[in-house]
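Me: I would like a close look at a single part of this protein, taken slowly and with the neighbouring elements brought in where they help. Please keep to what can be read from the coordinates.

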Amino acid sequence: MSPSYASPVAGLPSQMALHTGRAVFTEAYALIPRGVMRDIVTSTLPHWRDTRLWVIARPLSGFAETFSQYVVEVLPGGGSEQPEANTQAEGILFVVEGEIELTIGSDRHRLEAGGYAFLPPGSQWTLTNTSAAPARFHWVRKRYEPVEGIDVPSAFVTNEQDEPIRWMPDTGDTWGTTRFVDPDDVRHDMHVNIVTLAPGAVIPFEETHVMEHGLYVLEGKAVYRLNRDWVEVEAGDFMWLRAFCPQACYAGPERFRYLLYKDVNRHAKLPF
């Protein structure tokens, strides 16, 4: 089955639209529905031209503290020769619409929908939309946590269609993850993967663990457990979970897929 990728609806709603949306921010999670990702909530960045973005996660003290996540829209001819100002920040790009030209050092890559790039801290990279249509991609950023004696991982580029879904055992190939990094590779301190649930599939227990999560729904709909609440989510929604927020899922009548961020492979930070 060919993948599909949701992205913000943009524009503005009708003045007659009802205020009965699903947006919520709690002590344990936030839900940003696709319908609130409109023109009026976009941002711009220094050294980016013909570009706007939806900031859907940023570090907040006492909430999710490790990452930021943007949905970036670059118009034809737009982009940046100075995209990342923080030399300690690593990044992951995932293209959901159109195509971009990404240069890492002296290597040039063309990323279409499903394209994925890992950018280690201190990378020299540029990004341009050389096509005739707008491009959209997710940009996940995290301050890299170096470890003495362990190398910083190298940059790489791939496409999700070139990576297998690794199905969870005893699920009949109904719940699986497309992993772009080996889970045992401790050079990496974050994973950004794609989780796939077949129609009617479930995450059958309340996952409760230390990782912070960002979940952007790429395709389908589901009923998702967030802390004590069961909430309906659909393609284009974003869920933001702090550490230890319980989660579970019942997928809807079509395939349900989401882009998942989590922090991994490092000691918990101590206050001393």
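Reply: In this predicted model, strand 5 and strand 10 run antiparallel and are joined by eight bridges. That pairing is a convenient place to begin, and the description below works outwards from it.

Strand 5 covers residues 89-97, and eight of its nine residues are buried, so that the strand is mostly covered, a residue being counted as buried when its relative accessible area is under 20%. Within the pairing with strand 10, Leu93 has Trp139 as its bridge partner. Strand 5 also pairs with strand 8, residues 115-119, again in the antiparallel sense, and here there are four bridges. In that second pairing, Phe94 of strand 5 stands opposite Tyr116 in strand 8. In a regular strand, side chains alternate between the two faces of the sheet.

Strand 10 itself spans residues 135-143, and Lys142 belongs to it. Although lysine carries a charged group in many settings, what matters here is the computed cover: Lys142 counts as buried because its relative accessibility is 3%. The side chain of Lys142 makes a polar contact of 3.0 Å with the side chain of Glu145. Once neighbours within four places in sequence are left aside, the residues in contact with Lys142 are Thr66, Gln88, Ala89, Glu90, Asp189, Met190, Tyr261 and Asp263. Of these, Ala89 and Glu90 fall within the residue range of strand 5, while Tyr261 and Asp263 fall within that of strand 21, residues 256-263.

Arg141, also in strand 10, takes part in a salt bridge with Glu84, which sits in the loop between strand 4 (67-80) and strand 5. The N to O distance between these two side chains is 2.7 Å, and the pair links distant parts of the chain, 57 residues apart. The two ends differ in cover: Arg141 counts as buried because its relative accessibility is 18%, whereas Glu84, at 21%, counts as partly exposed. Both values lie beside the 20% cut-off, under which a residue is called buried, so the two labels should be read together with the percentages.

A further residue in the range of strand 10, Arg136, belongs to a network of salt bridges that also links Asp39, Arg52 and Glu73. The structure as a whole holds 18 salt bridges, and two others may serve as points of reference. Arg257 and Glu160 form one of them, with their closest N and O atoms 2.6 Å apart. Arg257 lies in strand 21 and Glu160 in the loop between strand 11 (156-159) and strand 12 (165-167), so this pair ties together parts that are 97 residues apart in sequence. Both Arg257 and Glu160 are buried. The salt bridge between Arg110 and Glu112, at 2.7 Å from N to O, has another setting: Arg110 counts as exposed at 54% relative accessibility, and Glu112 counts as partly exposed at 39%.

Methods
Residues numbered from 1 in each chain as written. Predicted model: local features only at pLDDT ≥ 70, side-chain atom pairs only at ≥ 80, totals over all residues. Heavy atoms only, no water. Helix = DSSP H or I, 4+ residues; strand = E, 2+ residues; numbered from the N terminus. Buried < 20%, exposed > 50% of the residue type's maximum accessible area, 1.4 Å probe, protein only. Polar contact = N/O pair within 3.5 Å; in protein donor to acceptor, adjacent residues only side chain to side chain. Contact = heavy atoms within 4.5 Å. Pairing = 2+ DSSP bridges. Salt bridge = Lys/Arg side-chain N within 4 Å of Asp/Glu carboxyl O.
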